[in-house]
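This briefing goes through the strands and helices of one model. The sequence and structure come next.

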Amino acid sequence: MKHDVDVYEVPEMSPDPRVRVFRRTLSGLEDLEGMEVDAYLVLGERYAFIFDTLVCPADIAAVMAICAPDIKGKQVLCVNSHADWDHIWGNGYFSGPRSVPILAHSHCRERINAEEARQQLGKYQARYPLFRDVTLMAPSITFNERLVINDNNLTIELLHAPGHCQDQIVAWLPEISLLLAFDAIEKPLPSIEDSTCAPLIFSTLKRLAALNAQYVLCSHGSTTSPALIHENQAYLDRLASRVELYLPAFKLAGADFEHVAESIGYPFDEVIANATETVDHAYYSWVHEHNARAVLRWRMQE
Ligand SMILES: [Zn+2]
């Protein structure tokens, strides 16, 4: 479906009337063309939760305008799933008179406050006018392992879920059997930040699978299917076993490597062989190579 606004609701993704799904599509932005990212509004009795703030304050202003009648009279709580720019650059909307608590992992706060984040924003602002109103606004309430918010008959469990990155969290809503996985899982494949995250993604996906969620939403890839967790696991298991096979050879050569995915006999075409929808080939083949390198470095260090 073609939309003439950049932020729009995706009602077919919602498993429950208390959950509303919003999508930001980027267009006319060269390298970022066609990129999509989702945010959620979850309505409790006392609280209205905004999960992620999309790519600029105007995005979240649009979401808030659509939801205004539902939010009225409730305390808004904003949650950042992790510090990657496409999830938090709308945070600045919640400043000044619109100030609300922003919840996230403590490392997410550190990343947003880091010099690197400032430099990245500067680069994007120099290139794309879309980001001119973005300010870096760090979460005000942080946790490390788990934070539970009880809102009468709606429980929101925020759980640390490192793997995509160190500060990734997910939200588990047991009453709806809904897992908001954000970037902890991704379609068509998950993305591992680096070798320290490599072992963590395996244990995180095991824990997420054990929740037995009936609905799983992730920030990129428009799917509600819990099967995606198992598909991501199958991909990672295959990747790890191919790396294992070639590990002695890599150890002998003892250098850094290019084209790891090809060298271990797991080319991108095989990864997406069963994909039924179009895949952003350029981006996800890069992700796959990056993943292969992260797993290889982790295994080389063991
Ligand atoms: Zn993302």
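The notes below cover an open sheet, a buried strand with its partners, and a pair of helices. The model is predicted: local features need pLDDT of at least 70, side-chain atom pairs count only at pLDDT 80 or more, and totals for chains, interfaces and linings use all residues. Residues are numbered from 1 along each chain as its sequence is written. Helices (H or I, at least four residues) and strands (E, at least two) are DSSP runs, numbered from the N terminus.

**Open sheet**

- Seven strands form an open sheet in the order β1-β2-β3-β4-β5-β6-β7, with mixed pairing; two strands pair if DSSP finds at least two bridges between them.
- At the edges are β1 (7-9) and β7 (141-143), each of which pairs on one side only.
- From one strand to the next, the twist averages 25°; axes are lines fitted to C-alpha atoms, for helices over the stretch in contact, and angles run from 0 to 180 degrees between N-to-C directions.
- Strands β5 (residues 75-79) and β6 (residues 102-105) are paired in the parallel sense over two bridges, and V79 has L103 in β6 as its bridge partner.
- Helix α3 (residues 106-113) packs on the sheet, where it touches β6 and β7, and its direction makes about 100° with that of β6.

**Strand β10 and its partners**

- Five of the five residues of β10 (residues 169-173) are buried, so this strand is largely enclosed by the rest of the structure. A residue is buried if 20 or more other C-beta atoms, placed from the backbone, lie within 10 Å of its own.
- I169, A171 and L173 point one way from β10, while V170 and W172 point the other way.
- Strand β9 (residues 154-160) runs antiparallel to β10 and is joined to it by four bridges; H160 stands opposite I169.
- Strand β11 (residues 178-182) is also antiparallel to β10, with three bridges between them, and L180 in β11 is the bridge partner of A171.
- The hairpin of β10 and β11 has four residues between the strands, and S177 takes a positive phi near 50° there.

**Helices α6 and α9**

- The axes of α6 (residues 227-253) and α9 (residues 281-301) come within 10 Å and cross at roughly 55°.
- That makes α6 oblique to α9, oblique being any angle outside the ranges under 35, 65 to 115 and over 145 degrees.
- Residues of α6 in the contact include L239, V243, L247 and F250, and those of α9 include A292, V295, L296 and M300; contact requires C-beta atoms, placed from the backbone, within 7 Å.

Methods: Contact = placed C-beta atoms within 7 Å. Buried ≥ 20, exposed ≤ 12 C-beta atoms within 10 Å, placed from the backbone.
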